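Reader: I'd like to learn how to read a few features straight off a model. Can we go through one together?
Author: Sure, let's put it up and start.

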Amino acid sequence: MSRPSSPHIASPKPDDSSHRQVLSDSFQSSEHQSSSSPSESHFATAARPLSQFQAYPACPLCRAESTSTDPQRRLGGAPIGNIYFGGQKLGAVCPRNGIPHLTSHCEQWIRERTGQEPRFRHLYSDGTTRSDLSETDAIAALDSAKTDAKQPGLPERWILDGLVSGFTKSGFSLFFPLINRVLFEETVRLAYSKHGTELPTLEHIAAKACVLAFVSLAGSHCPTAHGASQVDVDSCARDAQVFLSDIIEDASITTLQTSLMLLLHETLCGRLQASSMYHALACRTVFALGGHTVIASTPQDGHLTFEEHEDRHLRMLFWLCYVLDKDISLRTGQPPVIADQFCDLTLPEGYAFSRFLPRQQGQLQRPWLPSDLRLSILKSKAVQLLYSNASLQKSDAELLKTIRELDEELETWRTSIPPEFSPNLSVKKDSGLVGALDMSRNMIVAALHLDYHYLLNTIHCASGRCMTRGSSDPQQMSFGVQSSFDLSVEASRSTIVYLSLSANRLAGEAFWFFIFYPLSALMNLFFNILQNPGHGLAVHDMELLGTTSQIIRSMPIRRVTPHETEYLTKMDKLVAELCRLSKGAIEKHEATLSAYQADSRP
């Protein structure tokens with residue numbers, strides 16, 4: 001017996017200028033440059049006026065290319081950014097298509113270090129301006145909202161029930177605990193209840209929006225769930241977005257869940273800018289509900305009232321917002337939405353112990369969340385102490401002291417992790433991975449390693465703001481800066497090597513969450529080659545860069561669309577261009593060294 005159709009059934013188918021300098025001034029490199037290249041004591045000569053640069057078109061989406069000629073503005077405007085090296089913000093990763101966009105000043109530095117013209121124009125535009133949200137898609141979304149004057153419909157209950165069952169049993173729900181079964185049952189009841197000829201209440205609309213957002217997410221990422229193949233996930237997401245515009249004033253757990261579900265839907269589709277906007281809405285909603293201060297304890301008898309279920313779930317959603325907030329801030333350079341000093345950051349009961357327990361059949365599992373909460377708190381401290389506007393006023397000694405203290409805290413965290421999960425200080429090609437685990441625990445191990453090395457890089461990369469000139473003890477300062485820089489670069493090597501060993505263990509849903517790690521690492525290694533082309537590991541690092549394209553392609557993708565295909569193609573071109581320029585820098589250094597040695601002969 002065939003089931004009746006449903007509207008969502010899928011059809012077939014500022015610092016002291018004497019201590020800090022910027023790239024366009026002289027970008028000193030004496031403490032980092034290889035001693036074997038005496039004739040190349042500076043990164044770049046004094047830069048020509050911006051109007052004389054051969055500048056590529058600014059990104060039509062995020063305007064990532066800087067046009068400011070004020071050095072302090074360039075340094076202080078977005079001091080962390082996505083592409084940050086040697087104390088300089090050299091570019092950004094487009095939040096719409098995930099492709100690096102370098103500033104004109106960075107491109108000028110590349111010309112001077114390699115003797116070649118960087119070719120990134122085809123990556124910035126490639127004949128299109130909206131790769132992830134085409135004009136056709138935008139018109140279709142508007143038409144859907146206009147022509148469907150009636151309230152969008154819900155999928156049949158048997159489909160929803162199958163998706164709820166599949167989602168709650170999946171590892172995905174442990175990383176993203178979006179629903180509480182008790183509370184969601186009430187939401188479903190309200191969404192499917194009849195309201196006759198009366199206008200639906202705000203709560204009724206909110207419940208429908210939440211169900212549709214859930215179906216869009218679960219239908220895509222629990223493909224084996226009963227009824228998942230019958231769902232048009234994009235249609236459900238669009239209708240949930242339409243509803244959300246009507247309930248934006250409704251600060252409720254239901255609205256909070258809807259915002260977070262749409263956030264994840266956009267992220268998992270590679271639409272990172274849209275995702276960050278839903279994140280801001282979710283954070284404001286959790287503040288309005290008091291989730292940043294409420295502490296939910298477990299009754300001794302283990303039985304929870306409906307209100308206690310609400311408190312516990314609200315607190316869990318706050319932690320989810322918190323983790324995402326610190327990652328977004330760290331990766332984009334934008335200020336965090338959640339200010340720690342206004343929050344109670346008491347960890348959930350038994351968190352440190354329960355996070356690494358395997359899932360037991362038939363037992364209630366505490367959510368893992370996408371990142372370790374203690375590490376997320378440390379990420380927040382790093383952003384505040386190293387990359388806030390106030391941190392730019394620190395002296396070199398104060399900055400290095402802060403870096404050292406954060407490094408010690410990070411090491412304390414690392415050693416607190418059970419040995420079978422704890423990240424290695426450095427990852428080599430012959431390093432062994434943890435034995436076969438289930439997919440969920442593989443993801444925990446991978447996230448811990450990649451998060452650790454990325455944060456280690458972020459902390460020590462800030463040492464590039466230090467300059468030896470004018471220091472009270474130049475020799476000691478130089479050693480501190482150099483050792484910190486070395487740790488930063490080694491962390492990037494470890495990231496690429498670790499992914500080369502573990503990429504095939506990742507879940508398909510993780511692609512757009514994890515892609516930033518290899519992208520950040522390869523850009524850091526590239527700039528280090530430009531900075532130190534005579535370093536003993538320069539050729540090794542260039543070869544490591546060359547493997548990144550294949551590593552990225554080996555990362556599973558749950559749902560391959562033209563957006564993912566275009567992204568992978570552009571990444572292939574980016575890696576090839578970085579390798580070409582790296583080779584040019586090494587060859588230019590060798591030629592300069594040979595000429596110097598020839599001139600030095602008697």
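Author: Start with a pair of residues: Ala-92 stands opposite His-101 in strand S3. Before we go on, note that this is a predicted model, where local features need pLDDT of at least 70, side-chain atom pairs count only at pLDDT 80 or more, and totals for chains, interfaces and linings use all residues. Residues are numbered from 1 along each chain as its sequence is written, and side-chain values use heavy atoms, with hydrogens and water left out.

Reader: Which way do S2 and S3 run, and how many bridges join them?

Author: The general idea is that strands of a sheet pair through backbone hydrogen bonds, either parallel or antiparallel. Strands here are DSSP runs of E, at least two residues, numbered from the N terminus (helices are runs of H or I, at least four residues), and two strands pair if DSSP finds at least two bridges between them. In this case S2 (residues 88-93) and S3 run antiparallel, joined by 3 bridges. Val-93, for one, has Pro-100 as its bridge partner in S3.

Reader: What is the strand order of the sheet, and which strands are at the edge?

Author: It's an open sheet of 3 strands in the order S1-S2-S3, with antiparallel pairing. S1 (83-85) and S3 (100-102) are the edge strands, each pairing on one side only. Between S1 and S2 there are 3 bridges, and Tyr-84 has Lys-89 as its partner in S2.

Reader: Is S2 enclosed or open to the outside?

Author: For that, use accessibility: buried means under 20% relative accessible area, exposed over 50%, and partly exposed in between (1.4 Å probe, protein chains only). In S2, 5 of the 6 residues are buried, so the strand is largely enclosed by the rest of the structure.

Reader: Now a helix. Where are the buried residues of H15 around its axis?

Author: Look at directions from the helix axis to the C-beta atoms; the arc is that of those directions. In H15 (residues 396-416), the buried residues include Leu-399, Ile-403, Leu-406, Leu-410 and Trp-413. The buried residues of H15 cover an arc of only 155 degrees, which puts them on the same side of the helix. Thr-412 and Thr-415 are exposed, on the face turned away from that buried side.

Reader: And what is unusual about the phi of Leu-369?

Author: Leu-369 has a positive phi of about 65 degrees although it is not a glycine. You'll find Leu-369 in the loop between H13 (351-354) and H14 (373-387), and at 1% relative accessibility it counts as buried.

Notes
The expected span of a helix is 1.5 Å times one less than its number of residues.
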